[in-house]
Amino acid sequence: MTLLQAILLGIVQGLTEFIPISSTAHLVLASRVMNLALTPEQLTSSIAVIQLGTLIAVFVYFAGDIWNISVAFVRDHFVLLKDGRRDQFNRTNDHARLSPEAWLGWLVIIGSLPVAIVGLAFKKQIEGTFTKNLWVIATMMIVVALLLAIAEAVGKKRRRMQELGIGDALAVGFAQCLALIPGSSRSGSTIMAGLFAGETRETAARFSFLLSIPAIAASGLLELKEALHLLPHDSLATLAVGTVVSGIVGYASIWFLLRYLRTHTTGVFIGYRLIVGAAILFMLLNGRISAL
């Protein structure tokens, strides 16, 4: 992998990880266009390592939220273990035993469990040729676009971060499992689930980004170890550059999407997914490109 190729992959990853148009689909297409001489396993490792850049972007953008959640989580549980008195918490509803920040920490943990279990169970399939198959990618680009359109139509879009509960965590968490299928988009699937659950667009996006932290961290760190063995050592430096680029571009993407969704629907992304998915299917049917 050349330095230019790594930079281009970093740009693609940063642009598409948080915007609901599927980073995996675009990275696979980009690798095809650039004729990267990588096996499916090497490409999976490269993508996962470059994703660490977008993980850093989330950490930087949500540094304040992450700090508040972490401090509240430790503090509240320490108090619970110490004396168990419920009256020491600032509650937003009758059933809350923890501060809103500590409760949000639990929701992130609960929402991360489904993808962790499914990801480990199907690790070989995820790393293999299935996740690089353009038939699968094109189909999921269209399917998730249609589901996102339905969510936009029927979702009440009223509930905010402080109103989230276990139902939201499970709904968004199981939707995140769809991201293991190429073309689905982690952000697209989770924002879609949030809209179905009645969340505002911005709330669905913010919770999606917070939920991405454990998923991207686990995937990237696990694959980083394998990448050291699978990839040529002379490509690691260029891969590091791509990771930095993906972090910078990813930060800008988070900033853009959260502000965009305050006043706009996801319609433009739905249309883009339908066009790209249909274009890939058309080229596959006409034999212009191969599925693998």
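**Exercise 1.** Is Arg-262 buried, partly exposed or exposed?

*Solution.* Step 1: The structure is a predicted model, in which local features need pLDDT of at least 70 and side-chain atom pairs count only at pLDDT 80 or more, while totals for chains, interfaces and linings use all residues. Residues are numbered from 1 along each chain as its sequence is written, and side-chain values use heavy atoms, with hydrogens and water left out.

Step 2: Recall the classes: buried means under 20% relative accessible area, exposed means over 50%, and partly exposed lies in between (1.4 Å probe, protein chains only).

Step 3: The relative accessible area of Arg-262 is 49%, so Arg-262 is partly exposed.

**Exercise 2.** Describe the secondary structure and the burial of the chain.

*Solution.* Step 1: Helices (H or I, at least four residues) and strands (E, at least two) are DSSP runs, numbered from the N terminus.

Step 2: The chain has twelve helices and zero strands.

Step 3: Of the 292 residues in the chain, 51% are buried.

Step 4: The accessible surface, found by the Shrake-Rupley method with a 1.4 Å probe, where for residues only the protein chains shown count as cover, comes to about 13700 Å². Carbon and sulfur atoms hold 69% of this surface.

Step 5: A contact means heavy atoms within 4.5 Å. Among contacts with a separation of 6 or more, 81% join residues 24 or more positions apart.

**Exercise 3.** Determine which parts of the chain are joined by the salt bridges of Glu-152 and Arg-262, and examine the pair of Asp-168 and Arg-159.

*Solution.* Step 1: Side chains of opposite charge can pair when their charged atoms come close. A salt bridge is a side-chain nitrogen of Lys or Arg within 4 Å of a carboxyl oxygen of Asp or Glu. The count comes to six salt bridges.

Step 2: Glu-152 pairs with Arg-201, with the closest N and O atoms 3.0 Å apart. Because Glu-152 lies in helix α7 and Arg-201 in helix α10 (residues 201–230), this pair ties together parts that are 49 residues apart in sequence. Both Glu-152 and Arg-201 are buried.

Step 3: Arg-262 pairs with Glu-202, and here the closest N and O atoms are 3.1 Å apart. This pair links distant parts of the chain, with Arg-262 in helix α11 (residues 236–263) and Glu-202 in helix α10, 60 residues apart.

Step 4: Asp-168 forms a salt bridge with Arg-159, with a separation of 2.6 Å between the closest N and O atoms. Asp-168 is buried at a relative accessible area of 4%, whereas Arg-159 is partly exposed at 23%.

**Exercise 4.** Identify the surroundings of Ser-246.

*Solution.* Step 1: Ser-246 lies in helix α11.

Step 2: Its relative accessibility is 0%, so Ser-246 counts as buried.

Step 3: A polar atom of the Ser-246 side chain lies 2.7 Å from the backbone oxygen of Thr-243.

Step 4: Leaving aside residues up to four places away in sequence, Ser-246 touches Gly-10, Gln-13, Gly-14, Ile-50, Gly-53 and Thr-54.

**Exercise 5.** Locate the nonpolar residues of the interior and of the surface.

*Solution.* Step 1: In soluble globular proteins, nonpolar side chains tend to be buried together. A nonpolar core is a set of buried Ala, Val, Leu, Ile, Met, Phe, Trp, Tyr and Cys residues joined through side-chain atoms within 4.5 Å.

Step 2: The largest nonpolar core has 43 residues, and those touching the most other members are Phe-62, Leu-104, Phe-207, Phe-209, Leu-210, Ile-254 and Leu-258. Helix α10 gives the largest share of this core, nine residues.

Step 3: Another core, of eleven residues, lies apart from the largest core and includes Leu-9, Leu-27, Leu-36 and Ile-50.

Step 4: Patches are made of residues with over 30% relative accessible area and no salt bridge, where like charges are joined within 9 Å and nonpolar side chains (Val, Leu, Ile, Met, Phe, Trp, Tyr) within 5 Å. On the surface, Val-143, Leu-147, Ile-150, Val-154 and Phe-196 form a nonpolar patch with about 390 Å² of accessible area together.

Step 5: Helix α7 (residues 134–154) supplies the largest share of the patch, four residues. Val-143 is in helix α7, and its relative accessible area of 33% makes Val-143 partly exposed.

Key
Polar contact = N/O pair within 3.5 Å; in protein donor to acceptor, adjacent residues only side chain to side chain.
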